[in-house]
Amino acid sequence: MKKDLLDIHDRLLKHFGRQQWWPAETEFEVIVGAILTQNANWKNVEKAIANLRENNLLEPGGIHSVNEERLKGLIRPAGYYNSKARKLREFTNFLFENYKDLSEFLGLPQDELREQLLSIWGIGPETADSIVLYAAGKPSFVVDAYTKRIFSRMGLVEEGIEYDKLKYFFENNLPEDVGLYREFHALIVELGKNYCKTKPLCGECPLVSLCSLPGR
DNA sequence: ACCCAGGTGGCCC
DNA sequence: GGGCCACATGGG
């Protein structure tokens, strides 16, 4: 199985090339992006992040002190702006109530960091793992809707598998490597966007020969 | 006019 | 524990 997952990773890498995720300049920008991209198109998130950058708000203190209505207006293109404004604020509130700064927080041991993140309102397992992997640089595999769809369609895991189970399926069958986890997740998203959609485009998919989609 | 996008929390049974 | 639902914008 270890070989199977690495083989899948290698095929995707060959087909799509290096993705170099996460697309952000700072750790805090990763966190903001991870929250804003919840069930949203990344293009829209980029607009919201550009708005925050132009207003010098891409730092914890900025989000913490900016007027709420102004924040909502700036992140509006990312959708769900009412709840996402609250989520951003819940994060910075938590940060400043419990830690000196972002580096101290991200420096926590991996399991403790993940647990702390999950205790914050608005941060679920995928957002937490994205932050642990791409902001803190610790080996926590990120699972998203594409991952679930692709690997259940391939017949490697049961349909409707729980988040943590799928996460540990990857972590137990891959070498523990931050670079590998980062690239693999990004490649899975790329595959999902291009081929493994609700209506699959199997003919062109780089994984067709491995897939057990019904009718194939 | 639909359908979808790098989820999460709330509420019900 | 599982099954719905609201949340909202912009692009195909």
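A residue counts as buried here if 20 or more other C-beta atoms lie within 10 Å of its own, and as exposed if 12 or fewer do. By that yardstick, and bearing in mind that this is a predicted model, helix 3 of chain A turns out to be two-sided. V45, A48, I49 and L52 of helix 3 are buried. These four cover an arc of only 100° around the axis, so they sit on the same side of helix 3. That fits the usual geometry: an α-helix has 3.6 residues a turn, so residues three or four places apart point the same way. Over on the other side of helix 3, K43 and E54 are exposed.

What do the buried residues of helix 3 pack against? Their partners are helix 2 (27-36) and helix 5 (68-75). As for its dimensions, helix 3 runs over residues 42-54, 13 residues in total, and spans 18 Å from first C-alpha to last, close to the 18 Å expected at 1.5 Å a residue. Just past the end of helix 3 comes N56, with a positive phi of about 55°.

Zooming out, chain A is assigned two domains: domain 1 is made of 2-20 + 141-210, while domain 2 covers 27-135. The C-alpha centres of domain 1 and domain 2 are 26 Å apart. Domain 1 puts 10 residues into the contact and domain 2 puts in 6 residues. On the domain 1 side, helix 11 (163-172) and helix 12 (178-194) each chip in at least two residues. The residues on that side of domain 1 break down into 6 nonpolar and 4 charged, with no polar ones.

Methods. Residues are numbered from 1 along each chain as its sequence is written. Chains are lettered from A and ligands numbered from 1 in the order in which they are written. This is a predicted model: local features need pLDDT of at least 70, side-chain atom pairs count only at pLDDT 80 or more; totals for chains, interfaces and linings use all residues. Domain bounds come from an automatic or database domain assignment. Two residues are in contact if their C-beta atoms, placed from the backbone, lie within 7 Å. Ala, Val, Leu, Ile, Met, Phe, Trp, Tyr, Cys and Pro count as nonpolar, Asp, Glu, Lys and Arg as charged, and the others, Gly among them, as polar. The expected span of a helix is 1.5 Å times one less than its number of residues. The arc is that of the directions from the helix axis to the C-beta atoms.
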